[in-house]
Amino acid sequence: MADDRTLADILRSQGISRRGFLKFCATTASMMALSPAMVPKIAEALENAKRPSVIWLSFQECTGCTESLTRSHAPTIEKLIFDVISLDHHHTLMAASGHAVDEAMQEAMKENYGKYLLIVDGSIPVGNPAYSTIGGVSNLEMLKDAAKGAAAIVSVGTCAAFGGLPYAKPNPTGAVPVTEIIKDKPIINVPGCPPIPVVITGVLAQFLTFGKLPEMDELGRPMAFFGKNIHDRCYRRPFYERGEFAETFDDEGAKKGWCLFKLGCKGPVTYNACATTKWNEGTSWPVESGHGCLGCSQPNFWDMGGFYNALSTPTIDIAKTAAVGLAAGAAIGVAAGALNRSKKAKAAREHETVTVNDLEKGAKS
Amino acid sequence: MNSMDFLLWVRGPGLAIASIIFVFGMTLRMFEIFMLGRKKNLAELRSSGVKEGFRTIITRSGGVDTYTTKRTMFTHISGWVFHLGMFTAIFLLAPHIELFKSFLGFGWPALPTAIVDLATVIALITLLAILFHRLTSPVMRFLSVGQDYVVWALTFLPLLTGYMTYHHLFFPYTWLLGIHILSICVLLVVFPFTKLTHAVTVFTSRWYNGYMAGQKGVKQ
């Protein structure tokens with residue numbers, strides 16, 4: 001597993017030309033919205049980089065994040081990056097099994113203490129640690145142990161970043177994201193269900209180049225990929241502006257590719273790079289294939305009031321809540337009205353008429 | 001609390017609380033107002049007053065009574081312009097129509113966002129002019145109480161935050177949308193207990209004025 005060759009050596013041994021390598025660096029720079037002046041710096045940093053040790057831990061997850069990563073077609077940037085990092089531990093991808101797996105992880109952690117990059121996918125159940133264990137070790141314990149020697153942590157996928165599907169109401173396992181447990185390490189969130197492969201590798205490339213995590217937004221996501229929302233970059237946006245919406249999935253509007261807002265698209269509040277990087281080698285992305293954005297890179301996307309309800313609709317039953325208000329208002333209103341009327345009637349009854357004689361009498365005495 | 005938690009709160013529990021208070025308050029006020037009743041009119045009626053009532057709804061809404069219209073030209077024009085701009089923003093923006101559809105069960109066609117945007121800008125500018133007029137006109141200033149300024153601000157904020165949300169000004173969209181919905185929640189809570197109730201009572205009170213006046217006098 002130990003490999004002292006630099007990245008440049010490895011790339012050359014794989015028959016990748018200098019030109020190809022620089023092209024990759026330029027793509028990486030543009031992907032991360034860096035200036036072209038940074039390309040030589042990226043090239044230099046990557047050329048001299050030793051294969052960094054990466055430990056990948058999977059907790060309460062569906063392996064979709066790993067599936068996403070492995071679906072990147074060879075020989076793409078994603079493949080290059082993963083050929084040149086040392087993925088020392090990954091339950092799904094590693095050939096070893098049983099105790100050998102644990103040993104590989106312990107060895108990698110010991111050898112690269114303080115330097116390895118820890119990638120986590122999946123949430124951590126704290127309701128009862130026994131809900132998810134690997135080789136008898138709870139996810140919570142394993143994360144704490146692996147985080148100690150990590151240089152930084154990358155939370156891949158919405159489960160690790162924000163709790164994701166296991167965190168959805170009623171959260172039976174008491175699932176929490178990585179940030180709830182680890183407080184003393186730099187953590188970057190790469191959410192998505194699953195995340196876009198180039199976003200994962202882009203973050204790794206940035207870490208290799210600059211030795212630190214990139215600029216992040218309020219939710220700990222790299223600004224380069226999560227700085228803009230889907231709605232702003234959506235090719236269907238002009239239809240939104242014109243007020244042209246698909247009302248159902250098979251009407252004329254849908255066939256003409258009109259805006260999917262009314263069908264529940266969460267694009268306006270979803271920050272991700274799908275609209276620009278697309279999926280499957282730039283083939284398509286959810287909105288292009290005719291389905292609204294689910295908002296999968298946002299916290300609580302599962303509980304955002306239904307995938308097929310428009311974003312501007314409430315998550316509660318307004319008619320029902322209004323009925324409560326109506327009933328209470330009517331009851332108290334009738335009572336208050338009746339009270340006022342009875343007061344008025346009482347005042348009228350008790351009204352004493354006064355004659356001029358009475359007044360004169362009063363004045364005399 | 002992150003932006004998504006905030007947005008979920010205002011779209012869910014926050015809106016529920018606000019709409020319960022709004023509906024409760026409005027129902028209470030309407031019962032109180034309409035159950036008050038009037039003293040029995042012992043005089044012979046000149047007419048039933050119903051027709052005069054409807055006529056007053058129109059005349060008091062401007063245009064017919066030229067003397068009053070001329071005297072308060074600014075109030076008339078700004079009032080109309082602001083209200084029309086605001087109604088366009090509320091009722092003709094597609095996301096808003098979806099909201100109404102979610103509890104009414106039916107929707108209606110929307111206007112392109114550029115037109116709604118223009119209407120919002122017009123409403124905002126007119127509201128600023130209205131505030132300026134209130135502050136600079138000695139009569140208006142004398143007649144104004146604290147509530148008038150509160151009500152002005154609560155009407156201005158949803159329009160302003162809506163405009164900011166659409167144009168993604170200064171803050172991320174998610175925060176802006178949450179703030180926009182929150183500003184409406186606040187408006188709903190305050191609505192039944194301030195002059196804002198005129199939205200419901202304006203035509204009934206105008207009708208009632210005409211109705212009362214129509215009954216008075218002697219038949220020709």
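This is a short walk through a predicted model of two chains, A and B.

Hi everyone, thanks for coming. Before we look at any residues, a word on confidence. The model scores ipTM 0.75 and pTM 0.77. For chain B the mean pLDDT is 86, with 98% of its residues at 70 or more. Where in chain B is confidence lowest, and where is it highest? The low end is helix α4, residues 66-71, at a mean of 74. The high end is helix α7, residues 113-136, at 92.

Let's begin with chain A. The domain assignment splits it into domain 1 at 7-225, domain 2 at 230-303 and domain 3 at 321-364. The C-alpha centres of domains 1 and 2 of chain A are 28 Å apart. Where those two domains touch, domain 1 of chain A puts in 15 residues and domain 2 of chain A puts in 13. On the domain 1 side, two helices of chain A supply at least two residues each: α8 (157-162) and α10 (197-210). By residue type, that side has 10 nonpolar, three polar and two charged residues.

Now please look inside domain 1, at strand β7 of chain A, residues 150-156. Why do I call this strand largely enclosed by the rest of the structure? Because five of its seven residues are buried. It also has strand partners. With β3(A), residues 116-121, β7(A) pairs in the parallel sense over six bridges. You can find A:Val120 standing opposite A:Ser155 of β7(A) in that pairing. With β9(A), residues 187-190, β7(A) is again parallel, this time through four bridges. There, A:Ile153 has A:Ile187 in β9(A) as its bridge partner.

That brings us to the nonpolar core. The largest one holds 115 residues. Which of them touch the most other members? They are A:Ile55, A:Leu57, A:Leu118, A:Val120, A:Leu143, A:Ala146 and A:Ile153. Here is a point I enjoyed: the largest share of this core, 10 residues, comes from chain B, from its helix α2 (residues 13-35). On the chain A side, domain 1 and domain 2 each give the core at least three residues.

If you'd like one residue to click on, try A:Leu118. Setting aside neighbours within four places in sequence, A:Leu118 is in contact with A:Ile55, A:Leu57, A:Ala146, A:Ala147, A:Ala150 and A:Ile153.

On to where the chains meet. Each chain brings 41 residues to the contact, 41 from A and 41 from B. In chain A, the elements giving two or more residues are α13 (237-242) and α16 (318-349). How many come from α16(A), which gives the most? That helix gives 17 residues. The chain A side of this contact divides into 21 nonpolar, 14 polar and six charged residues.

Let's turn to chain B itself. Chain B has 11 helices and zero strands. Its C-alpha trace spans about 70 × 35 × 35 Å along the principal axes. Of its 220 residues, 30% count as buried. Looking at contacts in chain B between residues at least 6 apart in sequence, 75% join residues at least 24 apart.

Two places in chain B are worth a stop. The first stop is helix α6(B), residues 94-104. Which of its residues are buried? They are B:Ala94, B:Pro95, B:Ile97, B:Glu98 and B:Leu99. Just after that helix, B:Gly105 takes a positive phi of about 90°.

The other stop is B:Tyr166, in helix α9(B), residues 146-167. Is B:Tyr166 buried or exposed? B:Tyr166 is buried, because 20 other C-beta atoms lie within 10 Å, and 20 is exactly where the buried class begins. Beyond its neighbours within four places in sequence, B:Tyr166 is in contact with B:Thr113 and B:Asp117. Ten residues along the sequence is B:Leu176, and the C-alpha atoms of B:Tyr166 and B:Leu176 are 8.8 Å apart.

So, to recap three things to look for on screen. In chain A, find β7(A) with its parallel partners β3(A) and β9(A). Where the chains meet, find α16(A) with its 17 residues. And in the core, find the 10 residues that come from α2 of chain B. Thanks, and I'm happy to take questions.

How values were computed: Residues numbered from 1 in each chain as written. Chains lettered and ligands numbered in written order. Predicted model: local features only at pLDDT ≥ 70, side-chain atom pairs only at ≥ 80, totals over all residues. Domains from an automatic or database assignment. Contact = placed C-beta atoms within 7 Å. Nonpolar A, V, L, I, M, F, W, Y, C, P; charged D, E, K, R; others polar. Buried ≥ 20, exposed ≤ 12 C-beta atoms within 10 Å, placed from the backbone. Core = buried A, V, L, I, M, F, W, Y, C linked by C-beta atoms within 7 Å. Pairing = 2+ DSSP bridges. pLDDT = per-residue confidence, 0-100.
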